[in-house]
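Colleague: I am new to this structure and would like to learn how its features are read. Could you take me through them one at a time, with the general idea before the case?

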Amino acid sequence: MVSLTIPLIIYSVIGAAVNTTFIPLLSRNLTQKGKDEMIKFANNVMNILFLFSVAFFLLGFVLSPQIVRIIAHGFYGEKFSLTVKLTRISMFNILALSMTAAFMSILQTLNEFKAPAMVGIALDLPIIIYLILGAKFGIVGLSIATLLGYTMQFIIQIPYLIKHGYKYSYNIDFKDPQVKEMLYLIMPILIGTTVNQINSIIDKTMASSLPTGNISAYNFAINVNSMLYGVFVASIVMVIYPAISREGANKAYDNMKIFIHKGIVSILLIMVPAAVGLFVLKVDILTIFFKRGMFNDNSLNLTAYALSYLLLGLPFYGVRDVFNRAFYGINDTKTPMLNGIVGVLLNITLNLILVRFLGIGGLAFATSISAITTSILLGIALSKRIGGVGGKRIFKSFSKITLAAIIMGFCVFALDSFLKLYLKGFVGMAINLTLSVITGILVYFISLKVLKLEELDDALKLVLRKNNLVVQYEDLHVNIQP
């Protein structure tokens, strides 16, 4: 929806930057000055953030016609007027999104993950209810339901804040050295995020130059990749980031390495088999979930082709995010920014080369190579900065996980090929997919047990109990070696 574009861009650039820099400073206040001082600092930042949000809201509300002309220059007459109206409604989302980001930062710093994990449900629920009730007020009603969802995202967090002793106070101090420090840390993240947005635009522009259907297929493949990341990786990163920030604030790098190792292995434990399984079953999955309407056989084949190359880099997006968060935890936002710029330049260069030989697959392959390269470079830089990240141990675990995933992949491929001889049609494909996934999971974990992955139990605890992380260092059984 065009009307949601500007609020979401503002949030993705500014909200994400605030969340990333806010948590390390909150952690430092909590560990060095106590909860009361942390809450005082949090209120100061939230009040300043709200003032900026009001300014963006007013500016966007007044300039909505000009904004619509820029991002939807083909809209005229009634369609243009309706889009302007919807954009003005959506501008209210900026206020809710800014407070949601601030509240989530505070709760994550306090090791409270239940409310942050529920924000997605809070957003979707009013929209689902509105659609079930018949959507009598059309797209205007849908925009209002979306606004209500964004409002619910920060409201549901208030009881959890109160439970942890949070009390709001109106204090604004622009001269606070920590506010200035936060602004200093935010700038590289804003630059890095903007560069990534430009990279995304270039990718889609190059895809649009390919034959009809390629850009839609590329977007579908990206969305599948992003969905896997959002469901699994984002949750793990959300859990470990406050812990990394807390240890980084205390310069307790040995403890920090434990969380880095734990986070990376947990991500690899999920994303490597997910990539292998999705590669083997991609046609069945895309057919069941997407093949309808305009998404025909050609769309399916193009999406599967692009997805095959994107899956090569899937596990490394999470690894890179953990390394990024480690740098943020020691108040270094420049290194991730420079790493991001290198990644974008590499991606664009490879795009120009590979698209000639692989078409849409070249764009996807370039993205994966860039993700792998930047992850390795960032890991090397972090290792030099904090005296090692346990690279040998991570590689050993990665090798065992990859081998288990490959064994799983061959078993799933064999079972899928066999079942297709007897199970036909959409229902048969769904049954086949279900049996293949269950079998794959069993084979994968049996293989890990046989290969004796040392971190399996701890990684499973983090994955399965990510909403209530309580870590006792003596129970981790992780001996980090540089």
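Modeller: Let us begin with a pair of helices, where helices (H or I, at least four residues) and strands (E, at least two) are DSSP runs numbered from the N terminus. Axes are lines fitted to C-alpha atoms, for helices over the stretch in contact, and angles run from 0 to 180 degrees between N-to-C directions. Here helix α12 (residues 253–290) packs against helix α13 (residues 297–310) at an angle of about 155 degrees, their axes lying 10 Å apart. Because angles under 35 degrees count as roughly parallel, over 145 as roughly antiparallel, 65 to 115 as roughly perpendicular and the rest as oblique, α12 is roughly antiparallel to α13.

This is a predicted model, in which local features need pLDDT of at least 70 and side-chain atom pairs count only at pLDDT 80 or more, while totals for chains, interfaces and linings use all residues. Residues are numbered from 1 along each chain as its sequence is written, and side-chain values use heavy atoms, with hydrogens and water left out.

Colleague: Which residues of α12 and α13 meet?

Modeller: Contact means heavy atoms within 4.5 Å. From α12 come Leu278, Phe279, Lys282, Val283, Leu286 and Thr287, which meet Leu300, Thr303, Ala304, Leu307 and Ser308 of α13. By class (Ala, Val, Leu, Ile, Met, Phe, Trp, Tyr, Cys and Pro nonpolar; Asp, Glu, Lys and Arg charged; the others, Gly among them, polar), the contact of α12 with α13 has seven nonpolar, three polar and one charged residues.

Colleague: At what angle do α12 and α18 pack?

Modeller: The angle between α12 and α18 is about 165 degrees, with the axes 11 Å apart. That makes α12 roughly antiparallel to α18. Their contact includes Leu268, Leu269 and Pro273 of α12, together with Phe426, Met429 and Ala430 among the residues of α18, and the residues of this contact divide into 13 nonpolar, three polar and one charged.

Colleague: How many helices does the chain have, and how is burial read?

Modeller: The chain has 19 helices and zero strands. Buried means under 20% relative accessible area, exposed over 50% and partly exposed in between, with a 1.4 Å probe and protein chains only; of the 482 residues of the chain, 52% count as buried. In α4, the buried residues include Phe80, Val84 and Ile89.

Colleague: Why does the span of α4 agree with what is expected?

Modeller: The expected span of a helix is 1.5 Å times one less than its number of residues. The 15 residues of helix α4 (residues 77–91) should therefore span 21 Å, and its end C-alpha atoms are 21 Å apart, which agrees.

Colleague: Which residues outside glycine have a positive phi?

Modeller: One of them is Asn111, with a positive phi of about 60 degrees, which lies in the loop between α5 (93–109) and α6 (114–117) and counts as partly exposed because its relative accessibility is 30%. Another is Lys452, whose phi is near 60 degrees; Lys452 is found in the loop between α18 (425–451) and α19 (456–464), and at 65% relative accessibility Lys452 counts as exposed.
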